[in-house]
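Trainee: Could we go through the labels on this structure and ask what stands behind them?
Mentor: Gladly, let's bring it up.

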Amino acid sequence: MHIVRTVLRRAHARHFAPLVVLAGLAFGPWPGLPVLASDDDPKAWPGGQVTYYDASGSTQAVDAAARRWNRSGVRVQLTRAQRLHEADVVFVADRRELRERCGTRCLGLSSSIGRPGGGKVTVLLDPEIAGRPTALNVWVAMHEFGHVLGLRHREGTCSLMNARAYDDACTFAGASTERGPLPCGPASGDVAAAARLYGREPAARPCR
């Protein structure tokens, strides 16, 4: 845990991109938080290869999110590392750090948009959504992987990279667990944005 926190604190604050998520749009709009993002052009990961490690207790959810990016049609490969020190990206559940960085309504936070100079990224998750896969925590992990790959926030219905909304209607019956449907994504606009950095696999079937 000490290693993870050290990586996080060395990241410059302007690179952070908070995710404020609604658990269904029926609750109405929440007051927005400022988006803290880099002014620089995001740097792509060489060959689209990224390794990750889950230290948040949400391994299945993070794996599910990685699979959706791997099947999205973008030429990326997110692979789970066997050891923390081998990972490019580490997921951590830390409510205090998350709230200090982006407020009480923030559910996820990436320390970088795209590949940072040091090549290491920390993703903070709210412990309340950590654990076994749910529609919400898979969605949040997919969103944070989007930042890791170099995507900024964007508006749009069912947009994975929308900073302030999680729409539980954006699911598919075929992608589910015993706890209910899991989100299928990323959305076409998110795929197009990532493909500008990494290229596209025309034969991909993202929602299978």
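**Labels and their reasons**

Mentor: Let's start in the strands of this predicted model: Ser110 stands opposite Val123 in β6.

Trainee: What makes β5 and β6 a pair of strands?
Mentor: Pairing takes at least two bridges. Three bridges join β5 to β6, so the two count as paired, and they run antiparallel.

Trainee: And what makes β4 and β6 a pair?
Mentor: The cut-off is again at least two bridges, and β4 (residues 89–93) shares five with β6, in the parallel sense. One partnership here is Val92 with Leu124 of β6.

Trainee: Why is Leu109 called buried?
Mentor: Buried means under 20% relative accessible area. Leu109 has 1% relative accessibility, so it counts as buried. Leu109 belongs to strand β5 (residues 106–110), and its C-alpha is separated by 6.8 Å from that of Leu125, 16 residues apart along the chain.

Trainee: How do you know that β6 is mostly covered?
Mentor: Five of the five residues in β6 (residues 121–125) are buried. In a regular strand the side chains alternate between the two faces of the sheet. For β6, one side carries Val121, Val123 and Leu125, the other Thr122 and Leu124, and both faces are covered.

Trainee: Why is Arg196 called exposed?
Mentor: Exposed means over 50%. Arg196 comes out at 68% relative accessibility, and therefore counts as exposed. Arg196 sits in helix α5 (residues 188–198); C-alpha to C-alpha, Arg196 is 10.0 Å from Ala44, although the two are 152 residues apart in sequence.

Trainee: How do you know that the span of α2 is close to the expected one?
Mentor: Helix α2 (residues 59–70) has twelve residues and reaches 16 Å from first C-alpha to last, and 16 Å is also what 1.5 Å a residue leads us to expect. Among its buried residues are Asp63, Arg68 and Trp69.

Trainee: What makes α2 oblique to α4?
Mentor: The axes of α2 and α4 (residues 135–149) cross at roughly 55° and come within 8 Å. Angles under 35 degrees count as roughly parallel and 65 to 115 as roughly perpendicular. The angle falls in neither range, which means α2 is oblique to α4. The contact involves residues of α2 including Ala61, Ala65 and Trp69, and residues of α4 including Val138, Met142 and Phe145.

Trainee: Which hand does the crossing of α2 and α4 have?
Mentor: The crossing is right-handed.

Notes. Residues are numbered from 1 along each chain as its sequence is written. This is a predicted model: local features need pLDDT of at least 70, side-chain atom pairs count only at pLDDT 80 or more; totals for chains, interfaces and linings use all residues. Side-chain values use heavy atoms; hydrogens and water are left out. Helices (H or I, at least four residues) and strands (E, at least two) are DSSP runs, numbered from the N terminus. The expected span of a helix is 1.5 Å times one less than its number of residues. Buried means under 20% relative accessible area, exposed over 50%, partly exposed in between (1.4 Å probe, protein chains only). Axes are lines fitted to C-alpha atoms, for helices over the stretch in contact, and angles run from 0 to 180 degrees between N-to-C directions. Angles under 35 degrees count as roughly parallel, over 145 as roughly antiparallel, 65 to 115 as roughly perpendicular and the rest as oblique. A crossing is left-handed if the near helix is turned anticlockwise from the far one by less than a right angle, and right-handed if clockwise. Contact means heavy atoms within 4.5 Å.
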